[in-house]
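Here is a short tour of a model for you to explore alongside its sequence. Have the viewer open, and follow the residues as they come up.

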Amino acid sequence: MPILDDRSLEFLSHSPEQTQRLGVRLGELLKPGDLICLAGDLGSGKTTLAQGIARGWGSLDQVTSPSFMLINEYRRADAARLFHFDAYRLSGVGEAIALGIEELLEGTGPVIVEWPERVAEALSHQRLWISLRWMDDLRRGIHIAANGLRYERLLLKFRQAAFGG
Ligand SMILES: Nc1ncnc2c1ncn2[C@@H]1O[C@H](COP(=O)(O)OP(=O)(O)OP(=O)(O)O)[C@@H](O)[C@H]1O
Ligand SMILES: [Mg+2]
C-alpha cells in the first residue's frame, strides 16, 4: 500500500466488501460538519463506499443506493443525521442550492457528496476528497486527499485504523 504523504493516501480495494469495510473505518471517525467528497466514474464504487461510511458512523437506517434520491438521510440513535448527496443528475450548482445543499453543508450532520465536481462551487475547500478508479471487475484504486487541518488529522486516524500504520 503506497502511502504518499501526510495529506494523501492511495491503496487498492480488491472487492466491494473491502471497500465497504474501509468505509466503516472512515465512518467511525466522522464528526459533525465533516465533508467527504466521493469522485469517480459510474460504477467506480462511490455508493458502495458511502454505504460503509454510513454504517460505520452508526446509521440506524438500512443503507440503500440513492439511485432515485438526490439526498439520502441517515439517522443515528443519538438523533444525529448524516447526509448523502448525489449530484449526478443535477443540471448544475443552482439546482443543488435549490435542493438545500448549502443548508446541509452549514449544518452539523456530516455530508457525503457523490459527483462533487458537479457542485464544486458550493463546496468548502476544507474537505476529504476521495477519488475512486475502476481497475478491473473487482479492483478499485482509491486515492484520498485531505484539505485542511481537520481532514489531515482525520486521514491520519483513518490510516491507523484501516492499515495500522
Ligand atoms: N473493489 C470494489 N469496490 C467497490 N465496488 C466494487 C468493487 N468491485 C466491484 N464492485 C462493484 O462495482 C459497483 C460499484 O457500484 P456503485 O454504485 O458503488 O458505484 P458508483 O461509483 O456509486 O456509481 P454511480 O456513479 O452510478 O453512482 C458495484 O456493483 C460493486 O459491487
Ligand atoms: Mg453512486
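In this predicted model, a good place to begin is Leu29, which touches Leu154, Lys157, Phe158 and Ala161, leaving aside residues up to four places away in sequence. You will find Leu29 in the loop between helix H1 and strand S2 (35-40). Is Leu29 buried or exposed? Leu29 counts as buried because 20 other C-beta atoms lie within 10 Å, and 20 or more is what the cut-off asks for. Ile53 sits 24 residues away from Leu29 along the chain, with 9.3 Å between their C-alpha atoms.

Next comes the largest nonpolar core, made of 39 residues, where Cys37, Leu38, Val113, Leu128 and Ile130 touch the most other members. Helix H2 is the top contributor to this core, giving five residues.

The contacts of two leucines can be set out together, again not counting residues up to four places away in sequence.

| Residue | Residues touched |
|---|---|
| Leu29 | Leu154, Lys157, Phe158, Ala161 |
| Leu128 | Ile36, Cys37, Ile144, Ala146, Tyr151, Leu154, Leu155 |

Leu154 appears in the contacts of Leu29 and in those of Leu128.

Now let's turn to the ligand. Ligand 1 is surrounded by 19 residues, and the closest are Thr19, Gly45, Lys46, Thr47 and Thr48. Which elements supply at least two residues each to this shell? They are helix H1 (16-27), helix H2 (46-57) and strand S7 (139-147). By character, the shell around ligand 1 holds eleven polar, four charged and four nonpolar residues. Helix H2 thus has a part in both stories: the shell around ligand 1 and the largest nonpolar core.

Conventions
Residues numbered from 1 in each chain as written. Chains lettered and ligands numbered in written order. Predicted model: local features only at pLDDT ≥ 70, side-chain atom pairs only at ≥ 80, totals over all residues. Near = placed C-beta within 6 Å. Helix = DSSP H or I, 4+ residues; strand = E, 2+ residues; numbered from the N terminus. Nonpolar A, V, L, I, M, F, W, Y, C, P; charged D, E, K, R; others polar. Core = buried A, V, L, I, M, F, W, Y, C linked by C-beta atoms within 7 Å. Buried ≥ 20, exposed ≤ 12 C-beta atoms within 10 Å, placed from the backbone. Contact = placed C-beta atoms within 7 Å.
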